[in-house]
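Work through these exercises with the model open. Try each task before reading its solution.

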Amino acid sequence: MEMLSSIFTYSLLHATLRMSTPVILATMAAVVSRQGGITNIGIEGTMLFGAYFGFVSAYVSGSWIWGLAASVLAGVLASAVIGVVHLKYNTHIFVTGFAVNMLALGLTRFLLQQMFHVSGALLVDRPVTLPILRLSIAEGNPITASLFSSYSLFEPLAPLLVAGVWYGLYRTSAGLRLRSVGLHEPAARTAGIDVRRTKMAAILLSGVFAGMAGAHLSMGYSSMFVENMTNGRGFMALAAANFGGGNPLYACLGCLVFGFSDSVAIRLQSTGFPAQFVLMIPYLVTVVVLTSAMIGHLRRSDAARIARKLADEVRVDGKHADKTW
Amino acid sequence: MNRRINLSYGLNFILSLLLPFMLGAIIIALLGHDPQEAFRELFRGAFVGRLSLGTTLQKWVPVLLTGLAFCITSQVRYFNIGVEGCFYMGALFSAGAGFLITGLPAYLHISLCFLVGIFAGAIWATIPGMLRAWWQVNESCSTIMFNYVAIQFASFMIVNPWSAKSAASQTVPILPSAALSRLMPPSRANSGLFMALTLYIVVFWAIKKTRLGFKLRSTGGNPFFTDYIGFDTRRIVVLATAISGAVGGFAGSIETLGVYGNIIDGFSGWVAFDGMLAALISKNNLWLLPVYSFMIAALKTGALGMERFTGVPKALIDTLIAILIIFLTMENLFRFRFSRREGGTK
């Protein structure tokens with residue numbers, strides 16, 4: 001009981017948002033590409049590029065704005081590679097995505113060795129980080145301070161971004177076009193939509209979000225660059241997008257579940273529970289969440305299928321009525 | 001297929017192969033090293049001498065087998081990223097069997113260790129397989145998550161119950177009766193190589209020539225048709241994942257019993273991803289898989305030698321392998337129009 005009360009405190013809310021934010025940003029990348037019918041498995045590597053170039057250019061220039069710009073640029077470039085190779089040269093997106101992930105791992109390690117002569121992690125004396133938002137009214141009380149103050153730039157922005165992506169996808173004509181490409185390509189083509197261009201735009205936008213996620217990872221969530229610091233978050237983002245069925249709001253909910261289990265996991269660790277089992281929790285939660293989402297989805301689509309079949313039966317007018325079922 | 005188109009295909013292949021190396025040469029030159037010397041050391045590090053060649057062969061085994069495991073599930077269109085987890089499980093449990101079971105003659109002990117590893121891998125792969133078969137849970141997500149769970153579980157067993165209590169986190173070494181024999185003594189190549197090749201041939205034959213193989217290929221070709229002619233596609237998918245996991249577990253067992261003699265935390269370094277990439281660039285063509293997996297193993301081994309003797313970092317070779325894969329999989333990167341009449345076919 002005492003253990004539980006030490007885990008579930010008011011500060012868990014801030015911790016959950018903190019742990020979720022990198023995944024939420026990456027999930028927006030996954031959602032945008034998923035709606036265009038692409039499982040962008042290269043988000044992991046794109047994020048890593050964003051994290052590296054953001055951190056380094058912020059350190060070199062001394063300004064987080066340049067760092068963020070470099071992150072986004074790196075994300076866009078990496079996803080442009082994915083887009084051109086996948087769409088123009090007809091490769092399997094998984095192959096290209098994995099190759100880009102591998103490229104990101106190798107190249108960041110290589111650059112780390114060549115530019116800073118370190119391997120593993122890049123720690124600097126005065127790291128440049130994204131601004132931390134402080135609310136001076138809330139600072140007086142520890143509870144309100146924890147709830148409302150000292151958020152890194154992207155932590156309050158992430159929910160707004162989710163809302164923005166939702167609006168873009170479901171309330172604008174560009175979003176409608178993107179979704180129609182993802183839903184049924186030939187129909188979209190018939191309607192006069194340039195499918196390849198739309199997909200490319202989706203991949204590039206996904207690169208912007210993945211770059212931002214990387215920037216947050218190395219300059220907001222932590223203030224250093226570590227080799228392979230994305231550590232499966234890109235894949236988790238894909239899982240969250242899958243869970244939400246491409247809807248950013250539900251996908252964000254999935255991210256919060258990961259963030260929550262992650263922050264509970266960290267607290268469990270301090271109670272002497274074996275660390276490895278704690279570290280498994282977010283991954284297991286992902287699988288459970290995915291499975292439960294699919295079971296729910298299948299129930300709904302089963303109902304839809306039966307309704308369709310009934311409609312078909314009426315339409316065939318008894319011609320094939322003996323073998324419709 | 002037209003011969004001229006094949007010529008274009010071959011040229012495309014060779015250029016795709018050369019371009020990353022040319023890029024590498026330029027980067028090496030920019031770093032202030034001699035590219036010719038670096039590539040010579042790369043070659044020597046991979047092939048010249050018992051140690052180099054043996055290490056290449058030793059590294060070839062897991063890449064080949066994990067690639068094979070990936071190909072098996074690809075037959076039923078199941079994108080199995082989870083071979084790494086099976087690899088860990090196989091290695092972990094055969095390490096456990098290797099030191100916990102005592103007083104057996106070598107052939108029995110080794111077979112038992114392999115059996116344990118194979119079962120561990122098969123069971124581990126079957127879980128996401130069942131999730132996919134019954135509830136259509138996207139396997140490319142769930143298998144990745146299972147990898148991380150397997151790695152954490154292995155790490156727990158290595159650090160806590162089975163720990164050797166030494167400075168490095170590793171398990172108690174296996175008994176001599178469980179160890180595979182070494183082939184080229186200074187290197188760690190072992191008789192697992194022959195087992196791997198035998199398994200490769202058996203699986204190849206099974207996929208192409210047996211009833212089971214037909215079921216797998218038919219499910220991948222058209223699951224609805226396969227269902228219609230009376231095969232239970234769900235069971236076939238689960239079976240494919242089990243076989244794939246068994247092969248992955250077998251690869252892990254070879255690593256433990258033949259190479260390391262115990263299991264060290266984080267020993268694999270995502271080797272199954274190398275295998276998967278070998279399978280992906282060979283486009284699940286089982287003839288090409290050994291070639292590509294050998295190429296990846298040789299590059300990785302050679303990179304070590306190159307780093308040691310010329311100072312060109314190994315990370316550069318990892319980068320070049322990634323670029324190589326991107327180029328190799330691109331269709332018609334370099335377009336050659338040898339035949340105008342056939343222009344429309346591609």
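**Exercise 1.** Which residues does A:Phe98 touch, not counting residues up to four places away in sequence?

*Solution.* Some ground rules come first. This is a predicted model: local features need pLDDT of at least 70, side-chain atom pairs count only at pLDDT 80 or more, and totals for chains, interfaces and linings use all residues. Residues are numbered from 1 along each chain as its sequence is written, chains are lettered from A in the order written, and side-chain values use heavy atoms, without hydrogens and water.

Step 1: apply the contact cut-off, heavy atoms within 4.5 Å. Step 2: list the partners in chain A, A:Ile41 and A:Phe235. Step 3: add B:Phe79, B:Ile81, B:Phe273, B:Met276 and B:Leu277 from chain B.

**Exercise 2.** Place B:Ser253 and decide: buried or exposed?

*Solution.* Step 1: find B:Ser253 in helix 10 of chain B, residues 233-260; a helix here is a DSSP run of H or I, at least four residues, numbered from the N terminus. Step 2: read its relative accessibility. B:Ser253 is buried because that value is 0%; buried means under 20%, exposed over 50%, partly exposed in between (1.4 Å probe, protein chains only). Step 3: check its contacts. Leaving aside neighbours within four places in sequence, they include B:Gly90, B:Cys113 and B:Gly258.

**Exercise 3.** Where is B:Met22, and how exposed is B:Met22?

*Solution.* Step 1: locate B:Met22 in helix 1 of chain B, residues 3-30. Step 2: B:Met22 has a relative accessible area of 47%, so B:Met22 is partly exposed.

Terms used. Helix = DSSP H or I, 4+ residues; strand = E, 2+ residues; numbered from the N terminus.
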